[in-house]
Amino acid sequence: METIISASFLSADILHLADELKRVRECGADMVHYDVMDGIFVPNISFGIPVLKAISKETDLFIDVHLMIENPLLYIMDFAGAGADMITFHLESRSDPFRTIKAIHEKGIKAGIAIKPNTPARAVLPFLDEVENILVMTVEPGFGGQGYIHEMTPKIQEVRKMMGDRNIYLQVDGGINGETTKIARNAGANLLVAGSYLFSAPDMKKAVYDMRQEEAET
Ligand code: DX5
Ligand code: ZN
């Protein structure tokens with residue numbers, strides 16, 4: 001199974017985003033993971049629509065937008081218009097999931113659903129044939145640099161089992177590093193988000209390489 005690596009810009013150097021985009025590309029990551037937080041759905045506020053617009057103008061890397069906001073449906077038009085290639089929103093948010101998925105697809109981009117650590121795997125069941133990405137959070141959403149919650153590994157396995165041979169992403173986000181990459185991959189994840197691990201690595205290229213090495217070894 002091919003592993004896709006998405007670099008989370010929450011840990012990027014905000015003053016030098018253009019350089020960070022180049023670095024991510026040169027180091028071999030596949031996607032940019034763009035975290036949006038509204039201070040209500042999660043106790044933190046990150047970046048929004050204008051910054052996404054600037055980033056998407058600057059790069060041709062695939063932009064994987066993760067909405068941690070209370071009412072995602074209200075903002076699908078804006079984020080799609082600002083250059084998102086995929087929008088993933090939380091099932092715990094207040095928006096109707098089917099309407100939100102439809103709104104994302106109407107913009108011609110990929111749609112994903114996300115679940116927080118306390119939400120059971122079975123919550124994704126009704127959407128298996130509706131989305132291109134299922135995100136299992138491996139930390140409580142809101143902050144970069146937290147530790148991988150090991151109790152999430154059986155949940156990744158459970159979602160992988162439910163997905164069967166559907167050709168969609170099983171994404172994990174939170175605490176992914178050289179070690180936990182292997183655990184998440186073995187459990188069935190094929191789209192790995194890494195923030196602090198990649199951006200604080202002394203050598204990002206080696207960090208990406210190491211994530212792929214785990215792939216070769218398994
Ligand atoms: C957390 C965000 C993550 C975050 C991951 O709520 O959704 O994307 O950037 O950061 P690390 O990889 O440092 O755990
Ligand atoms: Zn994220």
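A residue counts as near a molecule when one of its heavy atoms lies within 4 Å of that molecule. With that in hand, welcome to this predicted model, where 20 residues surround ligand 1. The protein buries 100% of the 380 Å² that ligand 1 exposes when taken alone, and the space the ligand takes is the largest pocket.

**Who surrounds the ligand**

- Coming nearest to ligand 1 are Ser-8, Gly-142, Asp-173, Gly-195 and Ser-196.
- Sorted by class, this shell holds eight nonpolar, 10 polar and two charged residues.

**Polar contacts to ligand oxygens**

- The side chain of His-33 places an N or O atom 3.3 Å from an oxygen atom of ligand 1.
- His-66 also takes part, with a polar side-chain atom 3.2 Å from an oxygen atom of the ligand.
- Gly-145 contributes through its backbone, where an N or O atom lies 2.8 Å from an oxygen atom of ligand 1.

**Elements behind the shell**

- Two or more residues of the shell come from each of β2 (31–37), β3 (62–68) and β8 (191–194).
- Strand β2 provides the largest share, with three residues.

**The pocket itself**

- The largest pocket encloses about 240 Å³ of space.
- Its lining is made up of 25 residues, and those closest to the pocket centre are Phe-143, Gly-144, Gly-145, Asp-173 and Gly-174.
- Asp-173 and Gly-145 are worth a second look here: Asp-173 is among the residues that come nearest to ligand 1, and Gly-145 has the backbone contact to a ligand oxygen.
- The elements giving two or more residues to the lining are β2, β3, β8 and α7 (196–199).
- By class, the pocket lining has 11 nonpolar, 12 polar and two charged residues.

Note on methods:
Residues numbered from 1 in each chain as written. Chains lettered and ligands numbered in written order. Predicted model: local features only at pLDDT ≥ 70, side-chain atom pairs only at ≥ 80, totals over all residues. Heavy atoms only, no water. Polar contact = N/O pair within 3.5 Å; in protein donor to acceptor, adjacent residues only side chain to side chain. Areas by Shrake-Rupley, 256 points an atom, 1.4 Å probe, with all protein chains shown as cover. 1 Å grid on protein atoms, 1.4 Å probe; cavity = no way out; pocket = protein on both sides within 12 Å on 5 of 7 lines; lining within 4 Å. Sits in = over half its atoms within 2 Å of the grid points. Helix = DSSP H or I, 4+ residues; strand = E, 2+ residues; numbered from the N terminus. Nonpolar A, V, L, I, M, F, W, Y, C, P; charged D, E, K, R; others polar. Points joined across faces, edges and corners; volume = space filled by probe spheres on them.
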